[in-house]
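Me: Could you walk me through this model, beginning with the ligand sites?

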Amino acid sequence: MKKVLITGAAGFLGSHLCDRFIKEGYYVIGMDNLITGDLKNIEHLFPLEQFEFHHHDVTKFVHLPGKLDYILHFASPASPIDYLKIPIETLKVGSLGTLNLLGLAKEKNATILVASTSEVYGDPLVHPQNEEYYGNVSPIGPRGVYDEAKRFMESITMAYHRFHGVDTRIVRIFNTYGSRMRLNDGRVVPAFMGQALRGEDLTVFGDGTQTRSFCYIDDQVEGIYRLLLSGYSDPVNIGNPHETTIGEFAEEIIALTGTKQKVIYKPLPQDDPLQRQPDITKAKELLGWEPKVARSEGLKIVYDYFKSLPAEVLERKAH
Ligand code: NAD
Ligand code: UDP
């Protein structure tokens with residue numbers, strides 16, 4: 001049985017990856033320090049013989065006995081309000097955490113895939129963003145703690161690949177949504193849906209003309225799975241190119257939820273990228289991958305999920 005270590009296993013993406021690898025017949029070792037994650041996301045896996053969980057901070061030395069075939073490094077705060085609250089931890093998990101996991105991959109002769117992000121393109125001057133674009137990131141701005149940690153992650157991953165011959169993958173993930181996101185994590189999908197469910201106005205930051213492109217979790221997991229097995233070491237964008245302005249998106253959520261509330265405007269956070277859309281030519285050509293789930297369909301599934309949560313969870317606000 002192939003063995004895979006998934007860091008950030010108790011988080012949104014990590015927990016869905018655990019499910020997928022279990023389903024594919026792998027032995028899964030989940031690792032998480034629970035700083036933004038929740039054991040509830042993986043408690044259904046605890047009874048399985050194919051699964052074990054390690055409560056561990058990956059910025060500390062990571063040791064595992066026995067063989068290991070794959071590592072997926074997904075540990076990191078990912079929402080702007082999380083990484084602005086814990087900036088040093090964010091820098092450490094992208095840098096020291098990645099270093100530790102690359103060291104483990106080298107020791108075990110394992111293939112490692114690291115979770116990078118569209119944020120490496122910063123506030124992009126090229127649109128849509130392809131993998132050749134170097135990005136437009138402020139190293140000293142508030143978001144720099146996340147963006148630069150991920151840029152360092154990519155550099156050190158390529159260095160281990162070139163200098164130590166480690167088999168590496170880099171996925172540049174664009175805004176992904178799905179069940180198990182925290183309703184209060186501040187990201188726009190749970191923020192708007194939480195507001196609709198609580199009967200509050202929807203808070204659009206700025207004038208709402210900034211754009212994002214939202215990818216449903218199952219599509220994202222499929223892209224990551226294919227990339228891992230591809231043998232391709234340069235970065236690959238995985239995201240849904242269907243772009244929308246945040247203003248239009250708020251209207252879409254209002255229509256979906258049937259809320260009687262309206263949109264209110266709040267200041268745009270510093271360095272909030274004005275546009276974002278993945279160019280997925282590479283993923284299509286190399287992996288034969290493209291997203292399958294339309295936004296209307298994915299959002300409905302996620303809204304039903306949020307509606308099913310207990311009232312006390314729903315009451316937790318992000319802002
Ligand atoms: P999340 O906050 O739900 O999950 C992150 C998990 O990492 C949490 O369970 C957290 O407790 C854990 N973690 C953080 N620091 C750790 C440490 N030092 N040691 C061990 N565990 C630690 O976020 P997510 O949306 O699931 O994001 C997962 C990964 O995907 C992140 O690396 C993020 O940068 C990347 N990503 C996500 C998106 C997205 O749209 N969701 C977009 C781009 C990149
Ligand atoms: N946003 C918003 N209202 C909210 C939360 C977010 O208008 O309540 C905006 C935010 O300013 C950004 C976009 O939605 O332009 C996506 O934000 P998110 O935090 O989900 O992801 P990221 O900025 O990392 O793409």
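The chat below turns to the two ligands and then to a helix pair.

Reply: This is a predicted model, in which local features need pLDDT of at least 70, side-chain atom pairs count only at pLDDT 80 or more, and totals for chains, interfaces and linings use all residues. Residues are numbered from 1 along each chain as its sequence is written, while chains are lettered from A and ligands numbered from 1 in the order in which they are written.

Me: Which residues come nearest to ligand 2?
Reply: Arg187, Val188, Ala191, Thr203 and Phe205 do, out of 15 residues around ligand 2, where near means a C-beta atom, placed from the backbone, within 6 Å.

Me: And where does ligand 2 lie with respect to the domains?
Reply: It lies between domain 1 (3–176 + 216–238) and domain 2 (179–212 + 242–274 + 294–315), because both give residues to its shell; the bounds come from an automatic or database domain assignment.

Me: OK, ligand 1: which residues are closest?
Reply: Among the 28 residues that surround ligand 1, the closest are Gly8, Gly11, Gly37, Ala75 and Ser76.

Me: Switching topic, at what angle do α5 and α7 pack?
Reply: Helix α7 (residues 246–257) and α5 pack at about 40 degrees with axes 10 Å apart, the axes being lines fitted to C-alpha atoms over the stretch in contact and the angles running from 0 to 180 degrees between N-to-C directions. Helices here are DSSP runs (H or I, at least four residues), numbered from the N terminus.

Note on methods
Helix = DSSP H or I, 4+ residues; strand = E, 2+ residues; numbered from the N terminus.
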